[in-house]
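Pull up the model and keep it beside you while you read. We'll walk through its charged pairs, one helix packing and a few backbone oddities.

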Amino acid sequence: MKRLIERSRSVGEVLRWVTQNPSKVSASHYPIALHKLGQLLQQQQQGQATVNGESRGPGQMLEQPEFQTLCQAIISGCSKFDNFSIVNCLYAAAALGLPGESPLVRVLEDESRSRLGRFNQKDVSMVFSSEANNKALEAIFSSQLFYENRQERFIRSMAEWLPRKAENLTPYTMALIAKYVARHRLREPRLLDTIANFLLKRGEQLDSKVIQKLVFPFSRMNYRPSNHSELFPKLEAILEQKAGSSPLATVNILMSMFQLSHFPQSVLHQVFSPAFITNVMSSPYALIVRRYLSLLDAAVELEFHDYSGPRLDPRYRVLMFEHALTADEANRKYSYKGLVAEALRQLVGEECYRQDEVLPPGYCTDFLLWINRSGTVLPLSRVPAASKAPPAHTTTSPAAISLRSTVLALTSDLQDFAPVVLSVNDKWHYCQNSDILVGSRAMRDRHLRLLGYCLVQVSW
């Protein structure tokens, strides 16, 4: 049966072999049939072959009774299929362009989800590394099942062939790939450079919201693309034209560039301008944009000393974060922070450190201590309140004191003590299988050092 399916020269021939000989069809034959149908349809669409007078498009084939019979046979029997056949059928269905809400795809995804504990990398990677056209990639990366699970072997394989196919992908598909790579912190240079080249070639035609999605993996993985000397100026020029069209996307792109230590001066002039601020303050996302602008303003002060343009009005400055990050809270039970807290409690006592302290401009720290050169830890009761906690943001101080002086302006009896931030870097603070911190964490560390804190890193 396998040879008969593979030698078929038309869609109708494949369907006849499978539907008219049910007793001779096993689980392994169904994905072969679906793959063959995909190949034949692709040939027809490219005009390379029109066999036996057939010229049906995919829509017509999907409506054929024989194809519906094939789908129903898979739906009825998939609970008895082996893992490879299940995953292979799911991918073949995606390559055919079956919608996610179709009964076949829904049943295959449900069955796959129930078997996740028994799947291995080979089951998935052997399937996903072949026949990847735009439609198939869009279907794969749109799948919640695929999105939620890291497929490193597939990503490594895709990094080999994606550069050759990138020109044929839509921005939507490339954005889905970028989202997946960022979610799983996959620092694959060839893949990231492919996204960067796509962005360089098509950036001017893209909406700011799409650009934001394509840029995010670079900062997430703390990775400067190989074409950054061309790409970053191009992005600056695009943002100058589109800054006001989507303020939230604009500040997100700026944040990504800041995390990579690139500071686009002309765009900063725009986002700190009264017109931009006024536009933002009347929008539903005013608070989140204010948070981003406040952090960007702090970064300008700390890192971009050559900047001489407008700054954020002190009235609008807020902390970027007011408490521990949601991701850190969700992962707390997997973190080593609890062990470190217990060790500190036994070594120095609870009165000598603060946990989850938020420091200006809104960075949540794991542990904050005051230590002198001899290693003596100062009890917090002897640390002035202004030094233990971030200053309140008020509208009565138009000439705000610099962040650096806020930290270092200590009373005379504290001059021998230094503020120490003890960071517990768990695995989600790093790129996958790497010792490179994600961009947001790396920028936080840079800024805390510039603010005068000593950082002690405890890696997972």
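A salt bridge here is a side-chain nitrogen of Lys or Arg within 4 Å of a carboxyl oxygen of Asp or Glu. By that rule the structure holds 15 salt bridges.

A quick word on ground rules. This is a predicted model, where local features need pLDDT of at least 70 and side-chain atom pairs count only at pLDDT 80 or more, while totals for chains, interfaces and linings use all residues. Residues are numbered from 1 along each chain as its sequence is written, and side-chain values use heavy atoms, with hydrogens and water left out.

**The overall picture**

The chain has 24 helices and 6 strands. Both are DSSP runs numbered from the N terminus: helices are H or I with at least four residues, strands are E with at least two. Of the 460 residues, 51% count as buried. Buried means under 20% relative accessible area, exposed means over 50%, and partly exposed is in between (1.4 Å probe, protein chains only). Contact means heavy atoms within 4.5 Å. Among contacts between residues at least 6 apart in sequence, 74% join residues at least 24 apart.

**Three salt bridges**

Here are three of the pairs.

| Pair | Closest N to O distance | Relative accessible area |
|---|---|---|
| E160 and R190 | 2.5 Å | E160 48%, R190 36% |
| E301 and R311 | 3.5 Å | E301 22%, R311 31% |
| R441 and D366 | 3.3 Å | R441 7%, D366 3% |

Start with E160 and R190, whose side chains meet in a salt bridge. The pair links distant parts of the chain, with E160 in helix α11 (residues 152-165) and R190 in helix α13 (residues 189-202), 30 residues apart. E160 is partly exposed, and R190 is partly exposed too.

What about R441, buried or exposed? It's buried, with a relative accessible area of 7%. Its salt-bridge partner D366 also counts as buried, at 3%. R441 sits in helix α24 (residues 439-450), and D366 in the loop between β3 (363-364) and β4 (367-372), so the pair links distant parts of the chain that are 75 residues apart.

**A small charged network**

Next, E301 and R311, which form a salt bridge at 3.5 Å. E301 lies in helix α19 (residues 286-303) and R311 in the loop between α19 and α20 (326-330), so the pair ties together parts that are 10 residues apart in sequence. E301 is partly exposed, and so is R311.

This pair belongs to a network: salt bridges that share partners join D297, E301, R311 and R317. D297 is also in helix α19, but D297 counts as buried, at 3% relative accessibility. Leaving aside neighbours within four places in sequence, D297 is in contact with F272, R311, L312 and R317.

**Helices α14 and α15**

Now look at helix α14 (residues 208-220) and helix α15 (residues 228-242). They pack at an angle of about 150 degrees, with their axes 12 Å apart. Axes are lines fitted to C-alpha atoms, for helices over the stretch in contact, and angles run from 0 to 180 degrees between N-to-C directions. That makes α14 roughly antiparallel to α15, a label for angles over 145 degrees (under 35 is roughly parallel, 65 to 115 roughly perpendicular and the rest oblique).

Which residues make the contact? On α14 they are S208, I211, V215 and F218, and on α15 they are L231, L235, I238 and K242. By class, that's 6 nonpolar, 1 polar and 1 charged residues. Ala, Val, Leu, Ile, Met, Phe, Trp, Tyr, Cys and Pro count as nonpolar, Asp, Glu, Lys and Arg as charged, and the others, Gly among them, as polar.

**Backbone oddities**

Most residues other than glycine have a negative phi, and most peptide bonds are trans. Against that background, a few spots are worth a click.

N222, in the loop between α14 and α15, has a positive phi, near 55 degrees. N222 counts as partly exposed, at 24% relative accessibility. S261 has a positive phi as well, near 60 degrees. S261 is found in the loop between α16 (247-259) and α17 (265-271) and is partly exposed, with a relative accessible area of 34%.

Finally, the peptide bond from P360 to P361 is cis, with omega near 10 degrees. P361 lies in the loop between β2 (358-359) and β3.
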